[in-house]
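Reader: Hey, I've got a protein up on my screen and no clue where to start. Can you walk me through it?

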Amino acid sequence: MLIKRPSDIASSEITSEAVYKDRRRFLQQMIGLSVAASLGGYLSPVQAAYGGKPLTYSKAKEFQLDEKLTPYKDVTSYNNFYEFSTSKQAPARMAHTLKPTPWNISVEGACAKPGNYALEDLLKPQALEERIYRLRCVEGWSMAIPWVGLPLASMLKRFEPTSDAKYVLFETLYDTEQFPNQRGRVLDWPYVEGLTIAEAMNPLTLMAVGLYGEVLPNQNGAPMRLVVPWKYGFKSIKSIAKIRFVEKMPTSSWMKASSREYGFYANVNPQVSHPRWSQKRERRIGEWGRRETLMFNGYAEQVAHLYSGMDLKKNF
Ligand SMILES: Nc1nc2c(c(=O)[nH]1)N[C@H]1C(S)=C(S)[C@@H](COP(=O)(O)O)O[C@H]1N2
Ligand SMILES: [Mo]
């Protein structure tokens, strides 16, 4: 059981605001200590709570980041989630209409094990890990976020994709009761994204179910969202209800909205401008000034080989 129900939570885990703040400081110190003490690829399981339901996970040693984390408050109150609103402040206020439990994921297309899966069953045998990733929005801001999730590859492998599976398509839930802005036409709903099978299977690609040690807040894409850290933020689709293995390159919602501005690959690239603005610099949320944007958002070592010989200006 990964996600604790309220009845499973011992009263000792329910803390007052003051205790919680102290504990937060304490946990940050503990995390620092255990990083120093670790020898293996993973550190021992940690449980932390920042306000939501706590998750049990291990810190993935390879995927830490020597940068200040974006404060929890900013991560959970400055969001892009057009199913609620195009305002970045609104999702945190509105996202209570989303009901992330129970949640089913429909798996379709070129695989041996299609079906309708309960999220719980997909997570049960898997060990969650914490990875700190940069998230770079195409609009020019960024964050550093401690996600909790599992490698997308380990989730996809159990569906046994066939050799026809050249791409993976993802869809957000379509439900105008839970997502009121799906009644409007700001995008062609449901939100669709896609990856090549090699991108999906790359060890960096994460299926996140939490952040800051707790179950994903609704506004961050509960109960399950993609995190593809070398691509612009819009590739990291939230509240996924469908996964389909396909032979042809999917057309994403943003490609449909403006194919001139948003391509399939959407790799972070300071050398390739958006038609309306430069991508050379970014503003880290919660900090002053601007920093240089890094090629592939700083993950070139892990992913540049996926695009060798490709014209990145054409394949933006
Ligand atoms: N379904 C869905 N997924 C989405 C979006 C959205 O509007 N709807 N916005 C994207 C964009 S543009 C960004 S930058 C990130 C923001 O994630 P965050 O709010 O957790 O920081 O989510 C991405 N995933
Ligand atoms: Mo974004």
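Author: Sure, we'll go through the core, the strands, the salt bridges and a few backbone oddities. Keep in mind that this is a predicted model.

Reader: Ok, core first. Which residues touch the most other members of the largest nonpolar core?

Author: Trp 147 and Phe 170 do, in a core of 82 residues. Strand β6, residues 141-151, gives this core its largest share, with six residues.

Reader: Why would nonpolar stuff sit in one place like that?

Author: In soluble globular proteins, nonpolar side chains tend to be buried together.

Reader: And what is Trp 147 in contact with, apart from its neighbours within four places in sequence?

Author: The list includes Glu 129, Glu 130, Arg 131, Tyr 133 and Leu 135. Leu 206, Ala 208, Gly 210 and Leu 211 are on it too, and so are Leu 216, Arg 225 and Val 227.

Reader: Back to β6. How many of its residues are buried?

Author: Eleven of the eleven, so β6 is largely enclosed by the rest of the structure.

Reader: Which way does β6 pair with β5, and over how many bridges?

Author: β5, residues 129-136, pairs with β6 in the antiparallel sense, and there are eight bridges. Arg 131 has Trp 147 as its bridge partner in β6. Four residues sit between the two strands of this hairpin, and Gly 140 there has a positive phi near 105°.

Reader: What about β6 and β9?

Author: β9 covers residues 206-211 and is paired antiparallel with β6 over five bridges. Gly 149 has Ala 208 as its bridge partner in β9.

Reader: And β6 with β13, parallel or antiparallel?

Author: Those two run parallel, joined by two bridges, with β13 spanning residues 281-284. Trp 141 stands opposite Arg 283 of β13.

Reader: New topic. What's the strand order in the open sheet of five strands?

Author: The order is β4-β3-β12-β7-β8, and the pairing is mixed. At the edges are β4 (115-118) and β8 (192-196), which each pair on one side only. On average, neighbouring strands in this sheet are turned by 20° against each other, ignoring direction.

Reader: How do β7 and β8 pair up?

Author: Antiparallel, over five bridges, where β7 is residues 167-172. For Val 168, the bridge partner in β8 is Leu 195.

Reader: Cool. How many salt bridges are there?

Author: The count comes to 22. Take Glu 108 and Lys 242, whose closest N and O atoms are 3.7 Å apart. Glu 108 is in β3 (residues 104-109) and Lys 242 in β12 (residues 240-246), with their positions 134 residues apart in the chain.

Reader: Is Glu 108 buried, exposed or partly exposed?

Author: Partly exposed, at 23% relative accessible area. Lys 242 also counts as partly exposed, at 22%.

Reader: Which other salt bridge does Lys 242 make?

Author: One with Glu 171, at 4.0 Å from N to O. Glu 171 is in β7, 71 residues away from Lys 242 in β12. Glu 171 is buried, with a relative accessible area of 14%.

Reader: How far apart are N and O in the Lys 235 and Glu 193 pair?

Author: 2.7 Å. Lys 235 is in the loop between β11 (225-227) and β12, while Glu 193 is in β8, so this salt bridge ties together parts 42 residues apart in sequence. Both residues are buried. There's also a network of salt bridges sharing partners, made of Glu 67, Arg 134, Arg 136, Glu 282, Arg 284, Glu 287 and Arg 291.

Reader: You mentioned backbone oddities. Which peptide bond near Pro 102 is cis?

Author: The bond from Thr 101 to Pro 102, with omega near -10°. Pro 102 is in the loop between α3 (90-94) and β3. Another cis bond runs from Trp 189 to Pro 190, with omega near -5°, and Pro 190 is in the loop between β7 and β8.

Reader: What's the phi of Ser 239?

Author: Near 45°, which is positive even though Ser 239 isn't glycine. Ser 239 is in the loop between β11 and β12, and is buried at 0% relative accessible area.

Reader: And Ala 266, buried or exposed?

Author: Ala 266 counts as buried, at 4% relative accessibility. Ala 266 has a positive phi too, about 50°, and belongs to the loop between α7 (253-257) and β13.

Methods
Residues numbered from 1 in each chain as written. Chains lettered and ligands numbered in written order. Predicted model: local features only at pLDDT ≥ 70, side-chain atom pairs only at ≥ 80, totals over all residues. Heavy atoms only, no water. Core = buried A, V, L, I, M, F, W, Y, C linked by side-chain atoms within 4.5 Å. Buried < 20%, exposed > 50% of the residue type's maximum accessible area, 1.4 Å probe, protein only. Contact = heavy atoms within 4.5 Å. Pairing = 2+ DSSP bridges. Axes fitted to C-alpha atoms, helices over the stretch in contact; angles between N-to-C directions. Salt bridge = Lys/Arg side-chain N within 4 Å of Asp/Glu carboxyl O.
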